[in-house]
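The following exercises are to be worked through with the structure in view. Each task is followed by a solution in steps.

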Amino acid sequence: MISKKEQLLNQPWQQQRYMKHKNKVKTAVALIDHSPPLQYQHVKDKSKKLQAERERISLINTENVRLLQKLTEIMQGKRMPDLWTEPRPNFLGRVKLFKTSSNDRDEDGNKKLGKDIEKQNNNKITCPRCNKRAK
């Protein structure tokens, strides 16, 4: 047990020590750095990737301009008439070759069918499958 006299002598020292401690607690800072690391611009931007993207976009733009020029030429040019001077080929019967002759019209002036022209020209069918059908 401390007597009253000793307590009165020690109190100013204790008070001073307590104030120093309080001051240290107020001014204390963290010792661990938890802030994000520095970001360097040359690492963040990736300039090579940006350059490749710019080149790709410029290539697409030049191709688009070429395509647009071709389309304008097509639109400004005269269209070909959709006239058949000879009968259209029958692509469903893919065996025979389509040949026309000067005698492809009958007496009335109408175009003859492909079979009539074939009979008239005496074309020989060389396909074995068609020879079986013809017999």
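**Exercise 1: A residue between two helices**

Task: Determine whether K46 is buried, partly exposed or exposed, and describe its backbone.

Solution. Step 1: The relative accessible area of K46 is 48%. Step 2: Partly exposed residues lie between the limits of 20% and 50%, so K46 is partly exposed. Step 3: As for its place in the chain, K46 belongs to the loop that joins α2 and α3. Step 4: The phi angle of K46 is positive, about 55°, although K46 is not a glycine.

**Exercise 2: The overall architecture**

Task: State how many helices and strands the protein has, and how reliable the model is.

Solution. Step 1: The model is a predicted one. Step 2: The protein contains five helices and zero strands, and the order from the N terminus is α-α-α-α-α. Step 3: The average pLDDT is 77, and 60% of the residues score at least 70. Step 4: Confidence is highest in α3, with a mean of 94, and lowest in helix α4 (residues 114-121), with a mean of 51. Step 5: The protein has 135 residues, of which 2% count as buried. Its accessible surface is about 14,500 Å², and carbon and sulfur atoms account for 56% of that surface.

**Exercise 3: The length of α1**

Task: Compare the expected span of α1 with the distance between its end C-alpha atoms.

Solution. Step 1: α1 has 23 residues, and at 1.5 Å a residue it should span 33 Å. Step 2: The end C-alpha atoms of α1 are 32 Å apart, which agrees with the expected span. Step 3: The helix also bends, by about 35° at N10, and the proline P12 follows within four residues.

**Exercise 4: A charged pair**

Task: Identify which side chains meet in a salt bridge, and explain how their positions in the helix suit the contact.

Solution. Step 1: The count of salt bridges comes to one. Step 2: The partners are E53 and R56, with a distance of 3.0 Å from N to O. Step 3: Side chains of opposite charge can pair when their charged atoms come close. Step 4: E53 and R56 both belong to helix α3 (residues 47-76) and are three residues apart, about one turn of the helix. Step 5: Residues three or four places apart point the same way, because an α-helix has 3.6 residues a turn. Step 6: E53 is partly exposed at 37% relative accessibility, and R56 is partly exposed at 44%.

**Exercise 5: A nonpolar patch**

Task: Name the residues that make the nonpolar surface patch, and locate L38.

Solution. Step 1: L38, Y40 and V43 make a patch of about 360 Å². Step 2: L38 lies in the loop between α1 (4-26) and α2 (41-45). Step 3: L38 has a relative accessible area of 72%, so it is exposed.

Key
Residues are numbered from 1 along each chain as its sequence is written. This is a predicted model: local features need pLDDT of at least 70, side-chain atom pairs count only at pLDDT 80 or more; totals for chains, interfaces and linings use all residues. Side-chain values use heavy atoms; hydrogens and water are left out. Patches are made of residues with over 30% relative accessible area and no salt bridge: like charges are joined within 9 Å, nonpolar side chains (Val, Leu, Ile, Met, Phe, Trp, Tyr) within 5 Å. Accessible areas come from the Shrake-Rupley method with a 1.4 Å probe; for residues, only the protein chains shown count as cover. A salt bridge is a side-chain nitrogen of Lys or Arg within 4 Å of a carboxyl oxygen of Asp or Glu. Helices (H or I, at least four residues) and strands (E, at least two) are DSSP runs, numbered from the N terminus. Buried means under 20% relative accessible area, exposed over 50%, partly exposed in between (1.4 Å probe, protein chains only). The expected span of a helix is 1.5 Å times one less than its number of residues. The bend at a residue is the angle between axes fitted to the seven residues ending there and the seven starting there. pLDDT is the predictor's confidence in each residue, from 0 to 100.
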